[in-house]
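Me: I've got a model open and I'd like a close look at one part of it, with the surroundings filled in afterwards. Here it is.

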Amino acid sequence: MERTRFGRLTSILLVLVFILAPLRLMRADQGVSVRIEKRGDSYDIYVKNSSDRELTGWTVTITVPEGATYSGCWNCKESINGSTVILSNEYDWQIPAPGSGEQNVAGFNMYGDFDSSAISVIISPKFATAPTQTPTPDPKKDTPTPDPKKDTPTPEPKKDTPTPQPKKDTPTPTPKKDNPTPAPKNDTPTPVPTTAPTVAPTAAPTAAPTAAPTAAPTAAPTAVPGTIETTVTPAESSDSSETSETSETSEPGAGTTDPVSGDDWLTTDGNKIVDSNGTQVWLTGVNWFGYNTGTNIFDGCWSCNMEQALKAIADHGFNLLRIPMSAELALSWKNGIYPDANFNQATNSELVGMNSQEIFDYALSLCQKYGIKVMLDIHSANTDAAGHMTNLWYTDKVSIQDYYDALSYLADRYKNNDTVIAYDLKNEPHGKPNEEKAIWNDSVSDNNWKYVAEEAGRRVLDANPHALIVIEGIEIYPKDLSSNGDFSSTNDADYYFNWWGGNLRGVKDYPIDLGSEERNKQIVYSPHDYGPAVYAQPWFEGDYTFESLKTDCWNDNWLYIYNENTAPILIGEWGGYMTEPNLTWMTYLRQLIAENHLNFTFWCFNSNSGDTGGLVLDDFKTWDEEKYTFVREVLWQDDDKFVGLDHAVPLGSNGISLSEYEGVIVPVVPEVPETTEPAPTESTAVPSEETVPVPSETDAAVVTQAPVTVAAPKESVSVGKIILYVVLLLLLLFLCICAYLYAKHPKTWNRLIDRFYLPEKLKHDIPWEIEPNAEPTGRFAWKEEPPKNNEFAGKFRPVSKEAAPSAEAEKPVSKPVSKPAEKPAPKPTAKPASETVPDHTAAAGILAASSIESLQEEPAEVEETPDVKNEKVVDDPSIPAIVRDFMKTETPVEEEAPKIIPTWASGSDIPSDRPIWAKPAKTDDADIDSKEDGNIGT
């Protein structure tokens, strides 16, 4: 009964472990749907969460129909098994529930002649156990104004770039100039970086409502050009219920920088970028995204500190930071709406109390502090992790005018801050022949990227005439302008193809014109280039080489602009995983960069770039040393020092300033410590000036007058967590019971193993039990003692096979014990006792010899010996008296001793009804083995 109860209890526990835990998730799965939307040969994956729980992950299973060819995905991981493709995200996508609408989470490419409706898509969602979860802590303030895009997962940049081996023949850095005039193109070798900078992820600050326009700078500009005095605008403590997203306490321009001298602006000279002294500079930077994805801060600030990350980027030698952002976010800031920044408040406590725009301004002040220059990139129109997938610069949510306004706002806000030196007008305009596409011609179409780029560039220069205007290419360009100059053909054969944003063939036929020669000197063209790990382009077929890549791709698409001295080239994105076949391409492109000192921003710092990886690992703190060592070979260096683009501030702790590189002695520039900035008070708000917030330790106390605290609020324990904890507790109890039974009750344990048909290996090895102080017997006996008073000893031995059975052998032999024979005959003697019965006493040997003399199996072995009753034997005192008496008695011996054999060997017809060694029935002629006197019969 007890065994039955225990078995039932065990079964119940197993049911709880394997069934109860997923019950809640099974209920929630019903509220998640997925659909795909076709865009040419690309398919976007949209997920809608209508359940009552937050969606943090997903797995999409795609069945590829017959005739289709799957060729890769973006923003996800892939696993291919025959005609089934499994796509999954490796990051925490936070799609709130319910009613959050559809989210474009990923996409894939599929080519061929097939019916797209035949593509089967199934989603397996992953839900959060609580409304908010790490590793991407949602620093929502106590005054949350939900931003629909806030929970959008971080976008996945391109794939990890292979790390080619650094080249030893990298060109030497540009020699320092004593005179400010630019050196001729061929006479001024561009500097070659010698050391590799380390990028460190920056923490994401929490947005705090900004105060009204900040007061005029309290400190006058220092004598050192290029420095910036900043003050923090205090937040109004009016209504704590309003979030940073809806707060109107800050003027649109509040927090901008005040100019000091601004001598770090750049311009161009032919195909070179030069500073205000005419010295050629080399922009060697990196991308760090997050302001385009809905994080509203740099991605990774959920685990790293933002300032430490920016300092690490500078220390590793990157002198330019390309910051992707959305036009929608810039418009929100322009309108006084500040979407929440998603960051770890404990790791970035200095950001608590600042809103997303203040955090951005603070990040710019940190870049200025560590000698990093910034290029702002309109990466997408909408705030969306997959927003860069949209072909054009406008959507149904962000119009062309909105796009222009966003750029104008940013240019005007930072017009006096020479930390922001360049504007990438739009990331990767693209589109295939049969899609809504970006074109490049002399029309005034809304889809004409040349026309839109000229208009956008003029608006930026209207606000800041010193900024560099960075213009990317498109995807396709007509082979014959005379017949297809309007891009009307939908036939792929009529176009040259390249990477998104990488086709700048149109510059030759329709160069960008910003209105004047002076303004055109601010133009820099920016292609993007990737390897076969991102997409298998035709020029990667076969054994491609450095020269074949130049011929098949680079020369005609964009390198001609540099070779013909038209304008400088800045490769806005390149990178990938450090594996083949990507590594070979990356090595060749690095060679091209080194030989021509091409400017670039490496993609990317983020570890969550799905198709390229990043310079840091998942914690956004640990650097991928292999990849960094590869990129370091093309960082601007001079005498093992990284060269920055700021004339006064050296680049990180391992670099020098531009003035030091040029050999100009400048006063030491103090850092911008928190102590130099006056703590914001109620009286510091003067609505006429704009400054960049640089919070000090005392700032938090002022800015967070509203109920915003550093410590994140405790999460309420959900029902799912309670069930999980109960299941885990029961499982732990079950394991403890099993361990107890195994150790203390092995027999019960073994019975359970048998009952549940578990492997025999799990059984406890139980030793045989031996009673204490008992003599071992049976198969455990170590030594077999000879039997005592064995009445059958020596009598019933098997007969040798050679001996023929006889009838006489079956007859019992009678032998008188006390009366001697009248005519004694010679008596055969047995072999010596020492040979017959080894290891026994002499007496036992003689006894055995006399007792078996008539039982010798082979007569040939019997020898005639003198009478055994000689005096020597009879008088031997070592022989017991009873034996001596027996030896003195003459026993008649027949001529042939009968042979006793078992019934099975005798040949008799008498049936055998007992074992071989069983005791035979007594006969009338002999009394066998009298037990009274202990004599042994023959």
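Let's start with one cysteine: is Cys604 buried or exposed, and why does it count that way? After that, please carry on to the salt bridges, the helices and whatever else connects.

Reply: Sure. One thing up front: this is a predicted model. Cys604 has a relative accessibility of 0%, so it counts as buried, the cut-off for that being under 20%. Cys553 lands in that class too, because its relative accessibility is 1%. As for sulfur pairing, the structure has zero disulfides.

On to the nonpolar interior. The largest nonpolar core has 145 residues, and the ones that touch the most other members are Met306 and Trp574. Helix α11, which spans residues 546-563, gives this core its largest share, at nine residues. There's also a second core, separate from that one, with 24 residues, among them Trp58, Ile62, Cys76 and Val85.

Now the charges. Side chains of opposite charge can pair when their charged atoms come close. Here the count is 19 salt bridges. Take Asp424 and Arg322: their side chains form one, with N to O at 3.0 Å. Asp424 sits in strand β15 (residues 420-424) and Arg322 in strand β13 (residues 320-326), so this pair ties together parts that are 102 residues apart in sequence. Both Asp424 and Arg322 are buried.

For a local pair, try Glu455 and Arg459, whose salt bridge also comes in at 3.0 Å, N to O. Both belong to helix α7 (residues 449-463) and are four residues apart, about one turn of the helix. Glu455 counts as partly exposed because its relative accessibility is 22%. Arg459, at 25%, is partly exposed as well.

A further salt bridge links Lys763 to Asp754, with the closest N and O atoms 2.7 Å apart. Lys763 counts as partly exposed, since its relative accessibility is 25%. Asp754 is partly exposed too, because its value is 38%. Some salt bridges share partners, and these join Arg322, Asp377, Asp424, Glu472 and Glu573 into one network.

Next, helix α17, which covers residues 746-755; its buried residues are Trp749, Asn750, Leu752 and Ile753. Looking down the axis of α17, you'd find these buried residues within an arc of 155°, so they line one face of the helix. After α17 comes Tyr757, which has a positive phi, near 55°.

Last stop, a bit of sheet. Strands of a sheet pair through backbone hydrogen bonds, either parallel or antiparallel. In this case three strands make an open sheet in the order β22-β23-β24, and the pairing is mixed. The edges are β22 (637-638) and β24 (655-656); each has a single partner strand, so one side of each is left without a neighbour in the sheet. β22 and strand β23 (residues 641-643) run antiparallel and are joined by two bridges. If you want a residue pair to click on, Gln637 has Phe642 in β23 as its bridge partner.

Technical notes:
Residues are numbered from 1 along each chain as its sequence is written. This is a predicted model: local features need pLDDT of at least 70, side-chain atom pairs count only at pLDDT 80 or more; totals for chains, interfaces and linings use all residues. Side-chain values use heavy atoms; hydrogens and water are left out. A disulfide is a pair of cysteine sulfur atoms within 2.5 Å. Buried means under 20% relative accessible area, exposed over 50%, partly exposed in between (1.4 Å probe, protein chains only). The arc is that of the directions from the helix axis to the C-beta atoms. A salt bridge is a side-chain nitrogen of Lys or Arg within 4 Å of a carboxyl oxygen of Asp or Glu. Two strands pair if DSSP finds at least two bridges between them. A nonpolar core is a set of buried Ala, Val, Leu, Ile, Met, Phe, Trp, Tyr and Cys residues joined through side-chain atoms within 4.5 Å.
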